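Colleague: I am new to this structure and should like to learn how to read its features. May we go through them one at a time?

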Amino acid sequence: NTESWGVTVQDDIKVIGAEGSHAQIRLVADEGDDNNDNWRLRAEDGGSIYLQNYADAAWETNLKSIGGGAIELYHDNSKVLHTTSAGVNISNGTSQATLKVIGGEAQAGELQIIADDGDNYGDYWQFLSNTDGTLLIRNLASGSWETSIKSAINGNVELYYDNVKKLETYADGI
């Protein structure tokens, strides 16, 4: 139905691209007189859909959804965050860290930080909150987790060097 302000569509709108091509819907705000007034929702052959803005005289991706579940977020056309089956990867364009939180009722909570694409054991750090109330800060070294710091609720703090306890606090000192 046409309206004085535009068009009303009930139910679905279907846009079909040619075989091997894309399909897209364009949204133009403010008469389209500025580049950043132009947006498009574009489904690509292969299963990805993009939300893009026309900025700096070219289309730039803001969000990409990949068939099968992954989502990517972009800033100034550079990917800064994407989901994986293991969690969320965060990137600043030159390096990457992975944010992964695991846990549930009667389970430990875990946060992993993986730097520099995780190509070295030293790139992996883990913050582990155990069900007994302790927090461990660990590093993956030579294929196994080594504790750096262990802290207990309302209790002691332990510092480790090469997975060996070197310092521990008590109620009356160190």
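**Reading the salt bridges**

Modeller: Let us begin with one pair: the side chains of glutamate 168 and lysine 165 form a salt bridge, at 2.9 Å from N to O. Please keep in mind that this is a predicted model.

Colleague: Into what do salt bridges that share partners join Glu158, Lys165 and Glu168?

Modeller: Shared partners join Glu158, Lys165 and Glu168 into one network. Glutamate 158 also forms a salt bridge with lysine 165, and there the closest N and O atoms are 3.7 Å apart.

Colleague: How should I read the burial of these residues, beginning with glutamate 168: is it buried or exposed?

Modeller: The general idea is a cut-off: a residue is called buried when its relative accessible area is under 20%, exposed when over 50%, and partly exposed in between. Glutamate 168 has a relative accessible area of 17%, so it is buried. Glutamate 158 has 8% and is therefore buried as well. Lysine 165, with 40%, is partly exposed.

Colleague: Which residue meets arginine 42 in a salt bridge?

Modeller: The partner of arginine 42 is glutamate 44, and their side chains come to 2.4 Å, N to O. Arginine 42 is buried because its relative accessible area is 14%, whereas glutamate 44 is partly exposed at 30%.

Colleague: How many salt bridges does a search of the whole structure find?

Modeller: The search finds 4 salt bridges. Those described above are among them.

**Reading the surface patches**

Colleague: Which residues form the nonpolar patch on the surface?

Modeller: A patch gathers residues of one kind that lie close enough to be joined; for nonpolar side chains the limit is 5 Å. Here the patch is formed by Val7, Val9, Ile13, Val15, Ile25, Leu27, Trp39, Leu41, Ile49 and Leu51, which together have about 850 Å² of accessible area.

Colleague: Which strands each supply at least two residues of that patch?

Modeller: Strand S1 (23–28), strand S2 (38–43) and strand S3 (48–55) each do so. Leucine 27, for example, is placed in strand S1. With a relative accessible area of 54%, leucine 27 is exposed.

Colleague: Which residues gather in a patch of negative charge?

Modeller: That surface patch brings together Asp30, Glu31, Asp33 and Asp34. Aspartate 34 belongs to the loop between S1 and S2, and its relative accessible area of 38% makes it partly exposed.

**Reading the whole chain**

Colleague: How many helices and strands does the protein chain have?

Modeller: The protein chain has 0 helices and 14 strands. Read from the N terminus on, its elements are therefore written as β throughout.

Colleague: What percentage of the residues of the protein chain count as buried?

Modeller: The chain has 174 residues, and 22% of them count as buried. Its accessible surface comes to about 11,900 Å², with 50% belonging to carbon and sulfur atoms.

Colleague: How should I read the contacts in terms of position along the sequence?

Modeller: One asks how far apart in sequence the residues in contact lie. Among the contacts in the protein chain with a separation of 6 or more, 2% are accounted for by residues 24 or more positions apart.

Colleague: Where does aspartate 132 lie?

Modeller: Aspartate 132 is found in the loop between strand S10 (124–129) and strand S11 (134–141). It is exposed, with a relative accessible area of 58%. Aspartate 132 and alanine 108 are 24 residues apart in sequence, and their C-alpha atoms are 8.8 Å apart in space.

Technical notes:
Residues are numbered from 1 along each chain as its sequence is written. This is a predicted model: local features need pLDDT of at least 70, side-chain atom pairs count only at pLDDT 80 or more; totals for chains, interfaces and linings use all residues. Side-chain values use heavy atoms; hydrogens and water are left out. Patches are made of residues with over 30% relative accessible area and no salt bridge: like charges are joined within 9 Å, nonpolar side chains (Val, Leu, Ile, Met, Phe, Trp, Tyr) within 5 Å. Accessible areas come from the Shrake-Rupley method with a 1.4 Å probe; for residues, only the protein chains shown count as cover. Helices (H or I, at least four residues) and strands (E, at least two) are DSSP runs, numbered from the N terminus. Buried means under 20% relative accessible area, exposed over 50%, partly exposed in between (1.4 Å probe, protein chains only). Lys and Arg count as positive and Asp and Glu as negative; His and the chain ends are not counted. The place of a charge is taken as NZ of Lys, CZ of Arg, CG of Asp or CD of Glu. Contact means heavy atoms within 4.5 Å.
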